Amino acid sequence: MSEVLARILVVDDETQIRRFLRIALEANGYAVLEAADGATGIALAAIERPQLVVLDLGLPDQDGKAVVRAIRDWSAVPVLVLSVREAEAEKVAALDAGADDYVVKPFGVAELLARVRALLRARQAPDAPPAVIEIGQLTIDQARHQVSVAGQPVRLTRKEYELLRHLALHAGRIVTHQQLLRAIWGKAHEQDTHYLRVFIGQLRQKLADDPAAPRFILNEPGVGYRLLSG
């Protein structure tokens, strides 16, 4: 019998979606728990302690964002939202409520599995950030405030370094514009998204990261950025 990679809780009121996800996830080595409403999902998350929650927002008893907030009261388990709601405001609200990623239905299985793997890798990272963060060819030496790509040093300004480091500490997860602005520039600058466009552009140039085929920084349009975790 093959080893189970992780237990994943799927919370979705559509039987066909749950069945589809179960088949796809189990075929790739995951064990699957199912819930058809928010209350059952919250209870299973507490009792079964899954390693990942896949959550729909349109549940029959409550909005999925309320489920995220309820889980966040006591757990840091990664939450991947799957929803037909594609509006930018919905994505930002779900992520600000505590979700770690957001995928719009319909979705590709390969992309979904890649995001599942990324969230599970991030969950396995130690609570205390390592002195040296290594993501593919990117290395961030936090003690020395030095960055290199494929062994070649990259000179960054203080803000560029802080921005890259913050993304690296959340590698594989979407970090919203507001979260980044609050962390790097302070709460008073939460709406100054032009700062991010400028500094992300500078980072990409210095890291030789083509936005059309990114190796490191992925843009989530209207929502935020994600540092690819491998």
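## From an enclosed strand to an exposed leucine

Five of the five residues of strand β4, which spans residues 79-83, are buried, so this strand is largely enclosed by the rest of the structure. The model described here is a predicted one, and β4 is the place where this walk through it begins. In a regular strand the side chains alternate between the two faces of the sheet. In β4, V79, V81 and S83 point one way while L80 and L82 point the other way, and the residues on either side are all buried. Strand β4 also has a partner, for strand β3, made of residues 52-55, pairs with β4 in the parallel sense over three bridges. Within this pairing, V54 is the residue that stands opposite L80 of β4.

From the strands the reader can turn to two helices, α6 with residues 158-169 and α8 with residues 193-207, which pack with their axes 10 Å apart and at an angle of about 85°. Because angles of 65 to 115 degrees count as roughly perpendicular, α6 and α8 are therefore described as roughly perpendicular to each other. On the side of α6 the contact is made by K159, E160, L163, L164 and L167, and on the side of α8 by L196, F199, I200, Q202, L203, K206 and L207. Sorted by character, the residues of this contact between α6 and α8 divide into eight nonpolar, one polar and three charged.

A further point to visit is R226, an arginine found in strand β12, which covers residues 224-227. Is R226 buried or exposed? With a relative accessible area of 5%, R226 is buried, because buried means under 20%. The side chain of R226 is joined to the side chain of E220 by a polar contact of 2.4 Å. Once its neighbours within four places in sequence are left aside, R226 is in contact with D101, R115, G172, R173, I174, F216, I217, L218 and E220.

The last stop is L5, which lies in the segment before strand β1, the strand of residues 7-11. L5 has a relative accessibility of 55% and therefore counts as exposed. Leaving aside its neighbours within four places in sequence, L5 is in contact with N28, G29 and Y30. L5 can also be placed relative to L52, since the two residues are 47 residues apart in sequence and 11 Å apart in space, taken from C-alpha to C-alpha. L52 in turn leads back to the starting point, as β3 covers residues 52-55 and pairs with β4.

Conventions
Residues are numbered from 1 along each chain as its sequence is written. This is a predicted model: local features need pLDDT of at least 70, side-chain atom pairs count only at pLDDT 80 or more; totals for chains, interfaces and linings use all residues. Side-chain values use heavy atoms; hydrogens and water are left out. Axes are lines fitted to C-alpha atoms, for helices over the stretch in contact, and angles run from 0 to 180 degrees between N-to-C directions. Helices (H or I, at least four residues) and strands (E, at least two) are DSSP runs, numbered from the N terminus. Angles under 35 degrees count as roughly parallel, over 145 as roughly antiparallel, 65 to 115 as roughly perpendicular and the rest as oblique. Contact means heavy atoms within 4.5 Å. Ala, Val, Leu, Ile, Met, Phe, Trp, Tyr, Cys and Pro count as nonpolar, Asp, Glu, Lys and Arg as charged, and the others, Gly among them, as polar. Buried means under 20% relative accessible area, exposed over 50%, partly exposed in between (1.4 Å probe, protein chains only). A polar contact is a pair of N or O atoms within 3.5 Å; within protein, one must be able to donate a hydrogen and the other to accept it, and residues adjacent in sequence count only if both atoms are side-chain atoms. Two strands pair if DSSP finds at least two bridges between them.
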